[in-house]
Amino acid sequence: MEMEMEMEEAKPVPRVGVVVFVLKGKSVLLGRRRSSIGASTFALPGGHLEFGESFEECGARELKEETGLEMGKAEYLTVTNNLFLDQPKPAHYVTIFLRAVLEDPDQVAQNLEPNKCDGWGWYEWDKDKLPQPLFWPLQEMVRSGFNPFP
Ligand code: 8DG
Ligand code: MG
């Protein structure tokens, strides 16, 4: 029995990520990752869906944990299905993308998980103005012409 459980744990499974395009004016909130997947590339705030959460609840929780920001009105944008094979431990994420505004547009982003991120900044959504390098799933969206703004 124990043996079976150990084998079960070793078998990789897809996980669900929820990430948020926080929109302010023409800009989105990006931070340079320190996590193993996508280290030193610019990515959206977000994280893993926890048991029982709605996408909005997860997005708001992750945004708050990572930046201290209070998420305002949010809506579903799109989903991706990506493999991260260039990892010590290969990963597979189904990632839900939301867009949201801030509850208080004047609230300032804090870097609350400095072990996971170098800091947060607002960047205009323009392929020539976005910081480089972008986290590759995000780079792929930019390349495809995706626009998170309504
Ligand atoms: P947690 O343990 O705090 O719940 O999660 P986390 O440590 O903050 O997770 P994460 O890596 O930030 O996000 C989960 C996965 O979502 C990430 O490993 C891959 C996927 N993902 C994308 N695009 C993006 C993105 O732009 N930003 C973030 N943060 N994750 C993304 O496919
Ligand atoms: Mg995260």
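I take helices (H or I, at least four residues) and strands (E, at least two) as DSSP runs, numbered from the N terminus. The model I am reading is predicted.

**Entry: the loop before H3**

I began at Pro-133. I find Pro-133 in the loop between strand E7 (117-124) and H3. I checked the peptide bond from Gln-132 to Pro-133 and found it cis. Its omega is near -10°.

**Entry: helix H3**

Next I went to helix H3, residues 136-143. Which of its residues are buried? I noted Pro-137, Leu-138, Met-141 and Val-142. I then looked down the axis of H3. The buried residues fall within an arc of 145°, so they line one face of the helix. What lies over them? I listed E1, strand E2 (27-33), strand E3 (42-43), E5 and E6 among the covering elements. After H3 comes Gly-145. I read a positive phi there, near 90°.

**Entry: strand E6**

I turned to strand E6, residues 91-102. How many of its 12 residues are buried? I count 9, so E6 is largely enclosed by the rest of the structure.

I looked up its pairing with two strands. With strand E1 (residues 15-24), E6 pairs in the parallel sense, over 8 bridges. In that pairing I found Val-18 opposite Ile-96 of E6. With strand E5 (residues 71-84), E6 pairs in the antiparallel sense, over 11 bridges. E5 and E6 make a hairpin, and 6 residues lie between them. I marked two positions along this pair. Phe-84 has Ala-91 in E6 as its bridge partner. Asn-82 stands opposite Tyr-93 in E6.

I kept one general point in mind for the strands. In a regular strand the side chains alternate between the two faces of the sheet.

**Entry: nonpolar cores**

I looked for the largest nonpolar core and found 14 residues in it. Which members touch the most others? I wrote down Phe-21, Leu-30, Leu-44, Trp-125, Leu-134 and Leu-138. E1, E2 and H3 are the elements that give two or more residues to this core.

I followed Leu-30 further, leaving aside neighbours within four places in sequence. Leu-30 is in contact with Phe-42, Ala-43 and Leu-44, among others. Its contacts also include Gly-119, Trp-120, Gly-121 and Tyr-123. Further along the chain I noted Leu-130, Pro-131, Leu-134 and Leu-138 as contacts of Leu-30.

I also found a second, separate core, of 10 residues. Val-20, Leu-29, Leu-63 and Trp-120 are among them.

**Entry: ligand 1**

How many residues surround ligand 1? I get 16. The closest are Arg-33, Leu-44, His-48, Glu-62 and Glu-66. Leu-44 I had already listed in the largest nonpolar core.

I then checked polar atoms around the ligand. For His-48, a side-chain N or O atom is 2.9 Å from an oxygen atom of ligand 1. For Glu-66, I again read 2.9 Å from a side-chain N or O atom to an oxygen atom of ligand 1. Thr-95 has a polar side-chain atom 3.1 Å from an oxygen atom of ligand 1.

**Entry: Ser-40**

Last, I looked at a backbone angle. Ser-40 sits in the loop between E2 and E3. Its phi is near 65°, a positive value in a residue other than glycine. Is Ser-40 buried, exposed or partly exposed? I read a relative accessible area of 42% for Ser-40. Partly exposed means between 20% and 50%, so Ser-40 is partly exposed.

Notes:
Residues are numbered from 1 along each chain as its sequence is written. Chains are lettered from A and ligands numbered from 1 in the order in which they are written. This is a predicted model: local features need pLDDT of at least 70, side-chain atom pairs count only at pLDDT 80 or more; totals for chains, interfaces and linings use all residues. Side-chain values use heavy atoms; hydrogens and water are left out. Buried means under 20% relative accessible area, exposed over 50%, partly exposed in between (1.4 Å probe, protein chains only). Two strands pair if DSSP finds at least two bridges between them. The arc is that of the directions from the helix axis to the C-beta atoms. Contact means heavy atoms within 4.5 Å. A nonpolar core is a set of buried Ala, Val, Leu, Ile, Met, Phe, Trp, Tyr and Cys residues joined through side-chain atoms within 4.5 Å. A residue is near a molecule or strand if one of its heavy atoms lies within 4 Å of it. A polar contact is a pair of N or O atoms within 3.5 Å; within protein, one must be able to donate a hydrogen and the other to accept it, and residues adjacent in sequence count only if both atoms are side-chain atoms.
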